[in-house]
Amino acid sequence: MTDLIRDERGSASLEFITAGLILLVPLVYLVIALAALQGGSLAATGAARQAARVFVLAEDFDQAAARVHDAVAVSLADFGLSTETADVAIRCNAGAGEACLARDEIVTVTVRVSVPLPLVPDVLDLDSAARVPVEATAVQRVSRFWSGD
């Protein structure tokens, strides 16, 4: 009987390491991936909010477009995302362009960002398939006291 117990000695640590690797590695990757997606979501939300704010405060459409581009670039850079993966859409009730900057006009800015999944190798062009699209929208009203050109 004692020979049987001695044969089992030391296998608990091996079983713990094996089971730990099988269970913990996917769990750690899941946490890292969810953190990256949450960061992308926060980046898109912040970019949309700041873009809408700077758009309605601009004096003309050209200045508004430049400010939107800068606001989105800064907001995404804070989270380590590039502007190449972002798509910005500006809509308003009056149509698009110059008509968006009118008194009491409601402007909607939508930012779409493609967030890459972490630790995906660049083999077989998986980089484009291992991205998750994230979208955020912000709405702002142009001031009733706005006096653009």
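**Exercise 1. Overall layout**

In what order do the elements of the chain run from the N terminus on? State also how many helices and strands there are.

*Solution.* The model under study is a predicted one. Read from the N terminus, the elements follow the order α-α-α-β-β-α-β. The chain accordingly contains four helices and three strands. As for burial, 26% of the 149 residues count as buried. The accessible surface of the chain is about 9,800 Å², and carbon and sulfur atoms account for 60% of that area. Finally, consider the contacts between residues at least 6 apart in sequence: 63% of these join residues at least 24 apart.

**Exercise 2. The geometry and the two faces of helix 3**

Determine whether the span of helix 3 agrees with its number of residues, and identify its buried and exposed residues.

*Solution.*

Step 1. Helix 3 covers residues 61-77, which is 17 residues. The expected span uses 1.5 Å times one less than the number of residues. This gives 24 Å, and the end C-alpha atoms are 24 Å apart, so expectation and model agree.

Step 2. The buried residues of helix 3 are Ala 64, Val 68, Ala 71, Val 72, Ser 75 and Leu 76. Because they cover an arc of only 120° around the axis, they lie on the same side of helix 3.

Step 3. On the face turned away from this buried side, helix 3 carries the exposed residues Asp 62, His 69 and Val 74.

Step 4. The cover over the buried residues of helix 3 includes helix 2, strand 1 (86-92) and strand 2 (106-116).

**Exercise 3. Two strand residues and their contacts**

Which residues do Val 88 and Thr 108 touch, and is each of the two buried or partly exposed?

*Solution.*

Step 1. Val 88 belongs to strand 1. Leaving aside residues up to four places away in sequence, Val 88 touches Val 68, Val 72, Val 109, Thr 110 and Val 111. Val 68 and Val 72 are among the buried residues of helix 3.

Step 2. The relative accessible area of Val 88 is 32%, so Val 88 is partly exposed. Val 88 and Ala 48 are 40 residues apart in sequence, while their C-alpha atoms are 8.2 Å apart in space.

Step 3. Thr 108 is part of strand 2. Its partners, again without residues up to four places away in sequence, are Ala 89, Ile 90, Arg 91, Thr 137, Ala 138 and Val 139.

Step 4. A residue is buried under 20% relative accessible area. Thr 108, at 13%, therefore counts as buried.

**Exercise 4. The salt bridges**

How many salt bridges does the structure hold, and which residues are linked in a network?

*Solution.*

Step 1. Side chains of opposite charge can pair when their charged atoms come close. The structure holds two salt bridges.

Step 2. One of them joins the side chains of Arg 112 and Asp 87, with an N to O distance of 3.5 Å. Arg 112 is in strand 2 and Asp 87 in strand 1, so this pair ties together parts 25 residues apart in sequence.

Step 3. Arg 112 also forms a salt bridge with Glu 135, where the closest N and O atoms are 2.9 Å apart. This pair links Arg 112 in strand 2 to Glu 135 in strand 3 (residues 131-141), which are 23 residues apart.

Step 4. Asp 87, Arg 112 and Glu 135 are thus linked in a network of salt bridges. Arg 112, at 34% relative accessibility, is partly exposed, and Asp 87, at 42%, is partly exposed as well.

**Exercise 5. Positive phi values and a nonpolar patch**

Where do Asp 104 and Leu 119 lie, and which residues make the nonpolar surface patch?

*Solution.*

Step 1. Most residues other than glycine have a negative phi. Asp 104, although not a glycine, has a positive phi of about 60°. Asp 104 lies in the loop between strand 1 and strand 2 and is partly exposed at 40% relative accessibility.

Step 2. Leu 119 also has a positive phi, near 65°. Its place is the loop between strand 2 and helix 4 (126-129). With a relative accessible area of 69%, Leu 119 is exposed.

Step 3. The nonpolar surface patch, of about 850 Å², is made by Leu 24, Leu 27, Val 28, Tyr 29, Leu 30, Val 31, Ile 32, Leu 34 and Leu 119. Val 28 is located in helix 2 (residues 11-57) and is partly exposed at 48% relative accessibility.

Key:
Residues numbered from 1 in each chain as written. Predicted model: local features only at pLDDT ≥ 70, side-chain atom pairs only at ≥ 80, totals over all residues. Heavy atoms only, no water. Patch = residues over 30% accessible without salt bridge, like charges linked within 9 Å, V, L, I, M, F, W, Y side chains within 5 Å. Areas by Shrake-Rupley, 256 points an atom, 1.4 Å probe, with all protein chains shown as cover. Salt bridge = Lys/Arg side-chain N within 4 Å of Asp/Glu carboxyl O. Helix = DSSP H or I, 4+ residues; strand = E, 2+ residues; numbered from the N terminus. Buried < 20%, exposed > 50% of the residue type's maximum accessible area, 1.4 Å probe, protein only. Contact = heavy atoms within 4.5 Å. Arc of directions from axis to C-beta.
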